[in-house]
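Trainee: I've got a model open and I'd like to learn how to read it. Could you walk me through a few features?

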Amino acid sequence: MVSTASLAIVAAVHLVSAGASAEPFRETLISTEQNIDVADWEICGARVTPGCSTPWSVRKVALHGGKQEGVSLIVVDNGKLRLTVVPTRGMGVLSVVMGDARLGWDSPVKEVVHPKFVNLESRGGLGWLDGFNEWMCRCGLEWMGHPGPDKFITNVGDEAVMSLTLHGKIANIPARDVEVVVDRESPYRIRVWGRVDERLFFGPKLELRTEISTEPGSNSFRIADEITNDGAQDQEFQIVYHCNHGRPLLGEGSTFVAPVARVSPFNATAAKGVGTFDRYAGPTAGYIEQVYCLKLHGDQEGRTLAMLRNKAGDRAVAMAFSTRELPCFTLWKNTTAEKDGYVTGLEPGTSYSYNRSIERKLGRVPKLAPGASRRIALDVSILSGAEQVGEAAGRVRAIQAGRAPRVDREPPKLD
Amino acid sequence: MVSTASLAIVAAVHLVSAGASAEPFRETLISTEQNIDVADWEICGARVTPGCSTPWSVRKVALHGGKQEGVSLIVVDNGKLRLTVVPTRGMGVLSVVMGDARLGWDSPVKEVVHPKFVNLESRGGLGWLDGFNEWMCRCGLEWMGHPGPDKFITNVGDEAVMSLTLHGKIANIPARDVEVVVDRESPYRIRVWGRVDERLFFGPKLELRTEISTEPGSNSFRIADEITNDGAQDQEFQIVYHCNHGRPLLGEGSTFVAPVARVSPFNATAAKGVGTFDRYAGPTAGYIEQVYCLKLHGDQEGRTLAMLRNKAGDRAVAMAFSTRELPCFTLWKNTTAEKDGYVTGLEPGTSYSYNRSIERKLGRVPKLAPGASRRIALDVSILSGAEQVGEAAGRVRAIQAGRAPRVDREPPKLD
Amino acid sequence: MVSTASLAIVAAVHLVSAGASAEPFRETLISTEQNIDVADWEICGARVTPGCSTPWSVRKVALHGGKQEGVSLIVVDNGKLRLTVVPTRGMGVLSVVMGDARLGWDSPVKEVVHPKFVNLESRGGLGWLDGFNEWMCRCGLEWMGHPGPDKFITNVGDEAVMSLTLHGKIANIPARDVEVVVDRESPYRIRVWGRVDERLFFGPKLELRTEISTEPGSNSFRIADEITNDGAQDQEFQIVYHCNHGRPLLGEGSTFVAPVARVSPFNATAAKGVGTFDRYAGPTAGYIEQVYCLKLHGDQEGRTLAMLRNKAGDRAVAMAFSTRELPCFTLWKNTTAEKDGYVTGLEPGTSYSYNRSIERKLGRVPKLAPGASRRIALDVSILSGAEQVGEAAGRVRAIQAGRAPRVDREPPKLD
C-alpha cells in the first residue's frame, strides 16, 4: 500500500531498528576486511520474505567496458520503484525509477565512470565533472564546495595552502563495505548498508556509513548517513546531497516548492534571476547556471520538506529532512539545452558551495570531535497524482505559515 | 594480391560501404550500453569467409600484469600484415608488422600502459609520456598540443585559465564500443569499429568513431575517423595522428618524402637543422628533438602522400590523406640513442603542436557546430622493394610538380 | 634453528647465489612479457623441499573490494615469520609477523590501496599519503624527498621547473615481473623476485630489481635491490627504505640504537627534541613529527647496524646494511595518538628527505651512467629475548667504539 503517509515528517530512525524478533536476512557483498567483492548476485522476496505479498529483489551487477570497467551497481526493486546504488562511486544513487517517473537526469556523461578514470585535479580542479551523472551524489567530506586555494596542515605540521577540487572526494571513493539487510517481518524493510572511508595519513580520518532503505511496495526511500571522525583531533567536515533532476519532473513551468525563509543569489548571474528563482524554464541553449542559497523553515522539531513539482501539478519529488542536520539548502538551476545537461539540483547540506575558506569564515564548516559522529537522514518520495502532490504542498504551506521569504537581490559580499 | 594500386589517392570511403548483398559478419566486443567486454576472443577467415583464399584472423587479447593489467588488444592479421589496435588506449594502433617490416618503434616505455596508471597532470602536464609507445596514437580532441595555460569556460560560465596537458586526453580514454565487422563478399574487408567519448559536464561532448580496416592479403590499411560534437554549442577540437617510426624504416640515411610546399622550424633547435629537415641521422645520444611544421601540396582533390623511406630505397611507409581534412603536417625528428627512443613522427593534423592558445590565435583550431561531424581518413601502405617505393615517390614528385619548397630559416614569431 | 648469527654483518650476497647443484624451484607469478598474472596460488615446503624439516609456504592472494580491488599480495611464511610483499605497490613489504612480534604499524589508512586510487599530485603533492601504511616502502627513484619545485628536462630539451611529489613514484608502480625461486638444497632459501620500472619517454629509464628472501625457520630476511639506468644518458636517482614501526616495538621508553656519528635536526620542530632524539614517548595527541638526519659509523667494510628496541630490552628489530650503499639515515619520530598513526621510521637512504633541489646542492643525489647499476642490501632480523637484543646492542657498541656522536642543535641552513 502506498499513501502520502510516507511523507510524514518524523524524526529519523537511523540504521536498523531494534526489536525485530526474527533475525534479518544479511549478505555481505563487499568487504575489504573479509576480502569479498561478489560479482553478480541476486535475491528475491519470494525466498527471503515469503510472507510479503509484494515481489521485490536486490541485485548486484558488475559493469564492463569503457570507463565503466570495474563499476558495481546495486539495484533494489521494491516492487514499485527501482533504486540503483553505485558502491564504486561512494554509495551515490544513480537513479530511481517508478513507472514512467524517474529521479535522475540525462547528463552528457553517458557512462557510470569508475573513479580510476577521474582525476579530480584536472581542469583546474574541475575533474569531478568527468563522472557527474548521478541522481544523488554526495559532495564532501573534507571539503565540498568550489575549487580554489584553502589552508591545510602539511606532513610537517605546517599550515600551508592547497587547491581544493570541486565538490570533494567522497563521490569518487569506492565503498569498502557493503551489506544487504532485509527484515524478515512486516514491513520487510530492505536496507543497503555501505561504508566509505575518506582517510589519509596526515589528514582526515572520516568515515561515512550509509543505509539506503525502502519497503516493498513503497513510493519512498530513506538515505540515513552517519559521518564519524576516527582521528584523534577535531576534524572539519562538509556534506551536501547533490540531488539532480531532469525529465520528467523538470520541464518548462516546473516549480520548486519549499518553506523558504530566505533566498540569496550565489553570484551576479543568479542575482539576475532571483525574482523567479523557484520557477523553471524549458531547455535554453547557452543558459548559465543560476545557484541560490536558501534557508528553509522547519517545524518545531526542525523537520522540513522541499519539492520539485511539474507544471501540471500531478508529479513531484519530495525530500524531507532536518534543518538542524542540514541547515543550508542550495538550489541549482541549469536549464541549458538537453544535450548539455538540462537539470536542477535540490541540495540540502551542512554548507553552501562557496570555497571552504569562505564557508569557514562564515561559520558554516562544522567540526567533529575525536570519535564523534553526525547523523543525517533524507526521506524521499515520488508523488503521483494531484492528490499526493497537493497534500505535500499543503505540508510545505503549513510550515511556511504565511511568512514571506526574504529575498536578497544581490549576492553576499565575500571579501 | 598486393600491388601499389593500393596507394591510389582516391577520396576516402568512410565507414562500411553500402550495397553488399550478404550481411556482413558482426561481433560486439565492447559495449557499455550492452554491458559487454569479452575477454579472449578469436575469429578466422576459414569460418567467416570460406570463399576467401587468404587466411586471416581477428583476436581480442586481455593483457595482465604490471601497468598492462586491464588493457585489451585487438589483433587483426590479414594474412600479410598484423595490425594491433588498443581499445583501452583510445583505439590507437600499437604496431603493424609485415614480414620483417614494422610500423612502430622501441619506446623506453615497455608496457602497454593502462590509462589508470597515467596522470596527465603530472610532470607539469607531461604525464602523457608515461604511456607513449604506440605506432599511432591520436592527440586531441579538446586540445592536442603542448602543455601550458589556456582559457576555458568554468562550471559557473566564467572564462578562466586552465593548464592544458601534453597532447590531450583521447589516447588515454578507453573505447566504450568496439565491434568487428567483416564483409562476406570479396574483397572481404575486415573492419574494427570503435567509439571513444571525450565528454564531461560543463565541457566538450566530443565523440570519436573510428573504423580501422584492411583486406585479406593487402599491404595497406585505412584509418577512417569521424569526430562529432554532441553538445548544443559550438565546440573547438584538434586532432593529430602521431605516427611514429623506428627500425627498420628509420635509420641513418632514411629520408622523408612528401610534396612540401613550406617548412617552418618549430623552435630555435629545429631551426639549426632545417637545411636537412628531410634526412635522418643514426642514433645520436643527447640529440634534442627537432620539429618541423609543414604545408604539403595536394592534387586537385587535395589528396597528398607522405613517405618515410629507408636509405636503400627498398622499404617505405606511405600515408595518403586529404590536406583539406588534415592541413597541418608535423615532422618530428628524435634520432636520439636507441635506449632513449630513436624515432621519427609523421603527424598529419588539424593543427600544429603549439599550445592551443597559439594555434587559436593563428586560426588553426577548427570548430564543430552542434551535431556536426568531421571525417578524416588515412590510407597507410607498407612498401617493399625498389619498384613499389619508386612508384610512390613518383606520385609525390607528380604532386610536387617541380615547385621548390619554401624553407623558413627561423621559427615563427609567436608573441 | 634461529640464532643471532643471522645478524652477522657480512658483505651482501646479491640475487641468487651460484653453485647450487639442483635447479631451484621457479614459478613466474607476474610477467608483462609473458602476459601472466596468476590469481590465487600457493606452494608449500613439503612438496618443493621435502628434505626441509621446517614447514614453509608461499602464497599469492588477490584482494577485492574498495580501494584494494586489483591488489596482489605475496605471503611468505618461512615457518617462523610471515612476510607480506605487495607487488602492486612497488614490491613494498606490508608487514612481517613473528609470533606476537610484528614489523609494521597501525596507519589510519586501513586498506592496501591500489595505485589507481592514488593521485600523487593531489593535496599540493602529498597524495602519496593516501596509500601509506606499509612496514617498508621505498621512496624514489627519480626523486624521493619532500614536494616542491625542482628543475627537470622537458620534451623539447629545455630545463624547466616541475613540482616534485612527496616521496616519488616507485611505491605506487605495480611490479611488471614477479617470480618465486626456492633453493632445493639446504638452507632452502625462499626468494621473491620482482621488477618495477620507473620509465617514461623524455624521462628516466630506471629499473628496480629486488629479491626479498628468507630461510625456513629464520628470524631474518634480506631485501637485496639493484637499480639500473637503462637510458643512454647519466641519470640521477634517490632511494630511501621507509621502514615503519608501531606496536609492539614502539612504545613509551623504546629506544633507537645505532652507532651514530652525527645527528642533525631536520627542521626547527626537530631541533627542540634533539636532546632525546633516540628515545620515544608514548602516544601523544597533536604531536608534530620530529625528523633527524643521521650519519652512522660503519665497520671496516662500511657495514652498520640500526635497531629499535623496546623499553624492556627484550624485543628489537635490527637492520644491517652498508653505509657505502646507504650513507644517509633518517629517523622519523611520529609518536602521535594511536588513531592518527603512532609510528617511527628507520630509513636508510642515498639521501635525506629534503626536496631534491636541496639534496642535489649538497651533493647527495647520485647518478648512474648509462647501463650502470647500484646494488643495495638490507638484512633485517626480529630479535626476541634479552640475550639476542643484548648481543645486537653489543655489536652497535663495538662499531661505535666509544666515539661520542656529534649533535647539531640547529637544523642546517639551506639557503
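Trainee: Which residues touch the most other members of the largest nonpolar core?

Mentor: Keep in mind that this is a predicted model. The largest nonpolar core has 113 residues, and B:M307, B:V317 and B:M319 touch the most other members. Take B:M307: leaving aside neighbours within four places in sequence, its contacts are B:V257, B:A258, B:A316, B:V317, B:A318, B:A392, B:A393 and B:V396.

Trainee: Now the interfaces. How many residues of chain A are in contact with chain C?

Mentor: In general, people often quote an interface's size as the accessible area lost when the parts come together. Here we count residues in contact: 32 from chain A against 34 from chain C. On the chain A side, β1 (25–31), β2 (36–37), β11 (159–164) and β13 (190–199) each supply at least two residues. That side splits into 13 nonpolar, eleven polar and eight charged residues.

Trainee: And what rotation superposes chain A on chain C?

Mentor: One of 120 degrees, with 0.0 Å of shift along its axis and an RMSD of 0.0 Å. So the two copies are related as by a three-fold rotation axis. In chain A, A:K116 has the C-alpha nearest that axis, at 3.2 Å. The copies use different surfaces, as 9% of chain A's contact residues recur in chain C.

Trainee: What about chain C and chain B: how many residues are in contact there?

Mentor: 33 of chain C with 34 of chain B. Chain C's β1 (25–31), β2 (36–37), β11 (159–164) and β13 (190–199) each give at least two residues to the side touching chain B. That side of chain C has 14 nonpolar, eleven polar and eight charged residues.

Terms used. Residues are numbered from 1 along each chain as its sequence is written. Chains are lettered from A and ligands numbered from 1 in the order in which they are written. This is a predicted model: local features need pLDDT of at least 70, side-chain atom pairs count only at pLDDT 80 or more; totals for chains, interfaces and linings use all residues. Two residues are in contact if their C-beta atoms, placed from the backbone, lie within 7 Å. Helices (H or I, at least four residues) and strands (E, at least two) are DSSP runs, numbered from the N terminus. Ala, Val, Leu, Ile, Met, Phe, Trp, Tyr, Cys and Pro count as nonpolar, Asp, Glu, Lys and Arg as charged, and the others, Gly among them, as polar. Copies are superposed by least squares on the C-alpha atoms of residues with pLDDT of at least 70 in both. A nonpolar core is a set of buried Ala, Val, Leu, Ile, Met, Phe, Trp, Tyr and Cys residues joined through C-beta atoms within 7 Å. A residue is buried if 20 or more other C-beta atoms lie within 10 Å of its own, exposed if 12 or fewer, and partly exposed in between; C-beta atoms are placed from the backbone.
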